[in-house]
Amino acid sequence: MSNELNAYLETIEPELRVLTRLFGYPESVWDEPKKFVPVAEEQDNLFRITFETDGHRAERSVPAPDDPDERIRVLHRRRSARRLCKQTLYDLLRETTGIRPPWGSLTGVRPTHLMLEALKEGLTPEEAVSRLVSDFDVAPDRAALLAEIADVQGKLPPPGDEWMDVYIGIPFCTTRCAYCSFSSGEIGDGSLVKPYMDALTREMRACAEILRDSGRKLRALYVGGGTPTALPRDDFERLMAETVACFPGAMEYTVEAGRPDTLTREKLRAIRSAGISRISINPQTMNDRTLEIIGRAHTAQQVRDAYALAREEAIPHINMDVIAGLPGENEKDFAHTMDEARKLKPESLTVHTLAIKRSSRMSLENHPLPDGDMTARMVEAGRETARALGMAPYYLYKQKYMAGNLENTGYALPGHACLYNVDIMEETSHILAMGAGGISKRIFPEEGHIERAPNVSNIHDYLTRTDEMIQRKKELFLK
Ligand code: SF4
């Protein structure tokens with residue numbers, strides 16, 4: 001193997017570290033002298049990689065990719081070497097520990113990409129499932145889940161260069177959840193709301209022009225955060241009116257109404273009169289004790305009340321987010337949440353697995369967390385509930401620091417898959433993002449490349465630098 005590829009393998013050490021973490025190895029195994037060092041060679045048009053440690057040895061080889069175009073050849077060779085290296089290390093770790101992670105050697109956040117890639121190559125869904133199981137040791141039920149997701153996604157309106165998604169961010173919440181990893185802040189005395197809405201309105205109007213001047217059509221629009229419904233009534237009504245005035249004619253509109261205690265009849269009417277069909281009311285758990293531990297400041301009864309109110313106001317699509325693996329919860333607690341979900345009958349259900357970043361408050365305190373096996377059983381119960389409600393899985397992603405190396409899966413009734421969620425996870429659509437922390441993306445599918453224009457996430461910075469945020473997006477989409 002060339003020096004260039006050997007040098008390249010050194011650059012993937014962060015991914016190898018993620019693998020060793022999956023198998024419970026401490027970070028110190030990467031201190032010098034490193035415990036896991038790939039030995040790579042290229043011979044007879046084969047890449048071969050070997051790992052050896054503590055009397056165990058793993059070796060794999062694949063044909064070295066070739067292409068007349070030098071740039072493509074380098075890209076394919078790197079990708080092949082990277083995969084081979086990870087798979088070989090995975091073999092060794094599995095042999096030495098006896099652990100079999102549900103996603104096998106896949107450490108990326110979007111396992112659906114591999115399934116879609118296999119189908120694009122012309123494999124049948126069954127063949128694609130077999131490839132994921134044999135090449136990456138993905139558990140058969142997870143590989144089958146990906147095939148189902150690919151099937152649902154294949155029936156959605158296809159994304160393309162002529163379309164643009166729009167994201168509008170409201171970075172305020174009533175209180176901060178203990179596991180929150182967003183830049184959202186507590187609304188506090190509300191003094192930042194008016195200046196924020198003024199700046200956001202200016203940015204929305206400028207972005208409506210960017211969308212028009214880019215010649216693209218609006219695909220899906222998502223008002224998220226934070227909790228947009230945490231805004232006072234006047235500001236929320238203004239936000240809804242401005243949203244449809246600036247961005248009419250989307251295939252789909254969603255508003256996050258995550259905290260049930262922020263919903264009122266008036267806000268629901270503002271949502272309906274803006275023509276918004278999908279909202280998300282997220283209990284996370286229906287156990288009051290847990291809601292208190294995670295700092296949600298609402299009760300399970302308030303969730304029931306919010307669903308009843310939204311139904312009264314004829315909201316056609318309510319999504320429900322729940323989290324498996326919350327502190328202090330066991331399978332019985334999660335089963336209770338699922339029973340309640342069955343009664344509330346959302347049109348879509350997203351089953352998250354708790355992911356705690358080091359910076360989150362919860363990681364600093366000492367709440368007992370269910371172990372990986374128990375969390376896996378909760379995730380399974382979530383899947384059963386979604387199926388009992390008549391839903392199919394339609395998007396899936398993983399995050400770092402997830403309990404049991406599990407996943408987040410979105411399920412929906414037929415015809416209710418959220419386009420925006422699919423687009424953002426699969427990175428298949430341009431995104432024009434407004435508000436503090438919004439990240440605009442321009443997709444270059446041919447080159448397999450994405451350019452980003454992030455907005456600053458600090459609210460004070462956003463207020464003083466709104467024009468700069470607008471200019472960044474002009475440069476991204478109008479150049
Ligand atoms: S509702 Fe969402 S954004 Fe707000 S604090 Fe909780 S996790 Fe963070």
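The expected span of a helix is 1.5 Å times one less than its number of residues, and helices (H or I, at least four residues) and strands (E, at least two) are DSSP runs numbered from the N terminus. In this predicted model, local features need pLDDT of at least 70 and side-chain atom pairs count only at pLDDT 80 or more, while totals for chains, interfaces and linings use all residues. Residues are numbered from 1 along each chain as its sequence is written.

By an automatic or database domain assignment, the protein is divided into domain 1 (1-99) and domain 2 (163-472), with C-alpha centres 37 Å apart.

Helix α11 (residues 300-312) has 13 residues and reaches 19 Å from its first C-alpha to its last, close to the 18 Å expected. In α11, Q302, V303, A306, Y307 and A310 are buried (20 or more other C-beta atoms, placed from the backbone, within 10 Å of the residue's own; exposed means 12 or fewer, and partly exposed lies in between). These buried residues cover an arc of only 140° around the axis, which puts them on the same side of α11, the arc being that of the directions from the helix axis to the C-beta atoms. The face turned away from that buried side carries the exposed residues Q301, A308 and E312.

A310 also belongs to the largest nonpolar core, of 102 residues, in which I281 and A310 touch the most other members; such a core is a set of buried Ala, Val, Leu, Ile, Met, Phe, Trp, Tyr and Cys residues joined through C-beta atoms within 7 Å. The largest share of this core, six residues, comes from helix α7 (residues 193-214). A second, separate core of 14 residues includes F47, I49, L84 and Y90.
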